[in-house]
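Student: Hey, got a minute to look through a structure with me? I'd like to go over it piece by piece.

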Amino acid sequence: MSDAPAPDPGDTPAVPSPRAASSGLRAYEVVLQWVDEQILGGHLRVGDQLPAERELAASLEVSRSAVREAVRTLQAQGVVRSAVGAGAAGGTTITAVPSDALARLLRLHVALANFPLPDVIEVRIALERLSVRLAATSAGPADLDRLRTLLDVMDDPDIARERFNDHDTEFHVAIATSAGNRVATDLTVAIRESMRLPILDRFRRLDEWDDVVRELRDEHAAIFAALAAGDAATAQRLMEAHIRSAWRAIDP
């Protein structure tokens, strides 16, 4: 008699899942769809655990390897974390999706041209108008000091284009962060971060860099002045004008 352990049925070539076949999804996508439905329906919240791998595979009529593939996908998206152990210390737990995960996904989509840049610009304008309006009433002394420091760095006449672009991004991110609305902040930061590399690429190819950077500095200073004065309407108008004129200058 052999002492070899019986093979795990979830690790053997699986018969196509009836649920997957009927839905047109791949087996691991059936699991992803189920998790989506549970989260959107309010049945799974941050801190809740997914059912055990064997239980979830059986209930969804998929292999355990399909469950593991789905969990790896969710981990990469920042939706779950997995830990080895018994009880509350182990298992797969729903987590809050961090804003950097959202930014990473947007950067990849923009880089792959899934989102045309003009479309991204229009969404960015809508989000940054909202962020700057909120920041005009909620930004505190520390927020304004941070923005002033970034402006001082960008005013350096010898600043490299790459460093200017980094601080330009930080300036817009700092405004979004001071808005006091986490949804607005996370979306604005994700969109602005997704534009970092496309903007830098255009900065590097500019022949009229000195003229463009002078205009950018003036526009940043005007936005800051409106924020510091608590003038939300002016800040919104200046932010939209700034984003549109900057994009025309670097992508005529």
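Tutor: Sure. This is a predicted model. Take the contacts in the protein chain between residues at least 6 apart in sequence: 68% of them join residues at least 24 apart.

Student: OK, and how many helices and strands does the protein chain have?

Tutor: There are 12 helices and 2 strands in the protein chain. Reading from the N terminus, the order is α-α-α-α-β-β-α-α-α-α-α-α-α-α.

Student: What percentage of the residues count as buried?

Tutor: The protein chain has 252 residues, and 42% of them count as buried.

Student: Let's go inside, then. Which residues have the most contacts inside the largest nonpolar core?

Tutor: Those are L147, F164, I175, F203 and L227, in a core of 43 residues. The elements giving two or more residues to this core are α5 (99–111), α6 (117–138), α7 (141–154), α8, α9 (182–194), α10, α11 and α12.

Student: Pick one of those residues for me. What is L227 in contact with, leaving aside its neighbours within four places in sequence?

Tutor: L227 is in contact with V132, A135, A136, L147 and I175. Two of those names came up a moment ago: L147 and I175 are among the residues with the most contacts inside the largest core.

Student: And what about a second core?

Tutor: There's a separate one of 20 residues, and it includes L44, L56, A57 and V62.

Student: Switching to rings. How many aromatic pairs turn up in the whole structure?

Tutor: A search finds 3 aromatic pairs. In one of them, F164 and W209 sit edge-to-face, with 5.7 Å centre to centre and 90 degrees between the planes.

Student: Where do F164 and W209 sit along the chain?

Tutor: F164 is in helix α8 (residues 161–177) and W209 is in helix α11 (residues 209–228). They are 45 residues apart, so the pair links distant parts of the chain.

Student: Are those two buried or exposed?

Tutor: F164 and W209 are both buried. Ring pairs also bring in F203, giving a cluster of F164, F203 and W209.

Student: F203 again! What about empty space? How many cavities of 30 Å³ or more are there?

Tutor: The search of the whole structure finds 1, and about 110 Å³ of space lies in the largest cavity. F203 is part of its lining, along with residues including R124, D168, H172, L216 and W247.

Student: Which element gives the largest share of that lining?

Tutor: That's α12, with 5 residues. The elements that each supply at least two residues are α8, α10 (196–204) and α12 (232–250). By class, the lining of the largest cavity has 7 nonpolar, 2 polar and 3 charged residues.

Student: Now the pockets. How much space lies in the largest pocket?

Tutor: About 290 Å³. The largest pocket is lined by 15 residues, and E53, V71, S82, G91 and T92 are the closest to its centre.

Student: Which elements supply at least two residues each to the lining of the largest pocket?

Tutor: Two helices and two strands do: α3 (53–60), α4 (64–76), β1 (80–83) and β2 (91–94). Of the elements, α4 gives the most, with 4 residues. The classes in this lining are 8 nonpolar, 4 polar and 3 charged residues.

Student: What comes between α3 and α4?

Tutor: A loop, and E61 is found in it. Phi of E61 is near 60 degrees, which is a positive value in a residue other than glycine.

Student: Why does E61 count as partly exposed?

Tutor: Because its relative accessible area is 41%, and partly exposed covers the range between under 20% (buried) and over 50% (exposed). S65, in helix α4, is partly exposed too, with a value of 32%.

Student: How far is S65 from Y28?

Tutor: Their C-alpha atoms are separated by 8.2 Å, although the two are 37 residues apart along the chain.

Student: Last one. Where is R26?

Tutor: R26 is in the loop between α1 (18–23) and α2 (27–40). With a relative accessible area of 53%, R26 is exposed. The C-alpha atoms of R26 and V62 are separated by 9.6 Å, and these residues are 36 apart along the chain. V62 is the residue we met in the second core.

Definitions and conventions. Residues numbered from 1 in each chain as written. Predicted model: local features only at pLDDT ≥ 70, side-chain atom pairs only at ≥ 80, totals over all residues. Heavy atoms only, no water. 1 Å grid on protein atoms, 1.4 Å probe; cavity = no way out; pocket = protein on both sides within 12 Å on 5 of 7 lines; lining within 4 Å. Points joined across faces, edges and corners; volume = space filled by probe spheres on them. Nonpolar A, V, L, I, M, F, W, Y, C, P; charged D, E, K, R; others polar. Buried < 20%, exposed > 50% of the residue type's maximum accessible area, 1.4 Å probe, protein only. Phe/Tyr/Trp six-rings, centres within 6.5 Å; stacked < 30°, edge-to-face > 60°. Core = buried A, V, L, I, M, F, W, Y, C linked by side-chain atoms within 4.5 Å. Contact = heavy atoms within 4.5 Å.
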